Amino acid sequence: MTRQSYPSLDALLADVRACRACEPALPLGARPIVRASASARILIVGQAPGARVHATGIPWNDASGARLRGWLGVDDATFYDASRFAIVPMGFCYPGRGTSGDNPPRPECAPRWMEALLARLRGVELTLLIGQYAQRHFLGARRKASLTETVRAWADYAPRFLPLPHPSPRNVAWFQRNPWFAAEVLPVLRERVARSLAEPPAR
């Protein structure tokens, strides 16, 4: 965990982006990807960048991101406005491929940086927990036995958190098996996002 005191969020973000703590374990090297502003009201916590995101340096710049923006009901310009959305994954760098998709986020990232970043994001009123790693970190013992159960129990974590499945194309079968997600959760998600975006910027 980093214990350094930072004069500003920008200074902290500069150190995050310069981090090379686990570079020897990364197949494509370190390229921490994070976006944040002290005025952001919505925080998106995902897993870790994919290969395309690593190549471009733009978070959620892939098919998963396109679906996520559809879920949120926002266009690219709004989504990438750091004054509105902070994007802080559990792992900042591409972790490489595993036997069934990308590897989990590197375990060094969240303990090293998350607490300091959250302390600077005081305007956040809604945190979207995308996938099991974010839900485990933020909900702890409050999460249910499975991701499906946790997402279905979204009201238990409101208004601060909203757990979501990963919008990856790999999860199409999950979306088909769980039509309640589109019918019940997505309308609430879009309403909460629209309400937050309509409010004046946080100070």
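**Notebook: cores, sheet and one buried loop residue**

**Entry 1. The nonpolar cores.** I looked up the largest nonpolar core and found that it has 28 residues. Val45, Val88, Phe92, Trp113 and Leu117 are the residues with the most contacts inside this core. I noted that the model is predicted. I then asked which helices and strands each supply at least two residues of this core. They are helix H1 (9–17), strand E1 (42–45), helix H5 (109–120) and helix H6 (132–139). H5 gives the most, with five residues. I recorded the general rule that nonpolar side chains tend to be buried together in soluble globular proteins.

I next took Val45 and listed its contacts, leaving out residues up to four places away in sequence. Val45 touches Val88, Met90, Met114, Thr127, Leu128, Leu129, Ile130, Ala134 and Phe138. I also found a second, separate core of 26 residues, which includes Trp71, Leu162, Leu186 and Val193.

**Entry 2. Helices H3 and H9.** I looked up how helix H3 (residues 63–72) meets helix H9 (residues 180–198). Their axes come within 8 Å and cross at roughly 75°. Because angles from 65 to 115 degrees count as roughly perpendicular, I described H3 as roughly perpendicular to H9. On the H3 side, Gly70, Trp71 and Leu72 make the contact; on the H9 side, Phe181, Leu186, Leu189, Arg190 and Val193 do so. Sorted by class, this contact has six nonpolar, one polar and one charged residues.

**Entry 3. The sheet.** I followed the strands and found four of them in an open sheet, in the order E2-E1-E5-E6, with parallel pairing. Which strands stand at the edges? They are strand E2 (85–87) and strand E6 (161–164); each has a single partner strand, so one side of each is left without a neighbour in the sheet. Neighbouring strands are turned by 20° against each other on average, direction ignored.

I examined E1 and E2 and counted three bridges joining these parallel strands. Ile44 has Ile87 in E2 as its bridge partner. I then returned to H9, which packs on the sheet and touches E1, E2, strand E5 (126–130) and E6. The direction of H9 makes about 140° with that of E6.

**Entry 4. Leu26.** I asked whether Leu26 is buried or exposed. Leu26 lies in the loop between H1 and E1. Its relative accessible area is 7%, and buried means under 20%, so Leu26 is buried. Leu26 touches Cys93, Tyr94, Pro95 and Arg106, again not counting residues up to four places away in sequence. Leu26 and Pro95 are 69 residues apart in sequence, yet their C-alpha atoms are 5.7 Å apart in space.

Technical notes. Residues are numbered from 1 along each chain as its sequence is written. This is a predicted model: local features need pLDDT of at least 70, side-chain atom pairs count only at pLDDT 80 or more; totals for chains, interfaces and linings use all residues. Side-chain values use heavy atoms; hydrogens and water are left out. A nonpolar core is a set of buried Ala, Val, Leu, Ile, Met, Phe, Trp, Tyr and Cys residues joined through side-chain atoms within 4.5 Å. Buried means under 20% relative accessible area, exposed over 50%, partly exposed in between (1.4 Å probe, protein chains only). Helices (H or I, at least four residues) and strands (E, at least two) are DSSP runs, numbered from the N terminus. Contact means heavy atoms within 4.5 Å. Axes are lines fitted to C-alpha atoms, for helices over the stretch in contact, and angles run from 0 to 180 degrees between N-to-C directions. Angles under 35 degrees count as roughly parallel, over 145 as roughly antiparallel, 65 to 115 as roughly perpendicular and the rest as oblique. Ala, Val, Leu, Ile, Met, Phe, Trp, Tyr, Cys and Pro count as nonpolar, Asp, Glu, Lys and Arg as charged, and the others, Gly among them, as polar. Two strands pair if DSSP finds at least two bridges between them.
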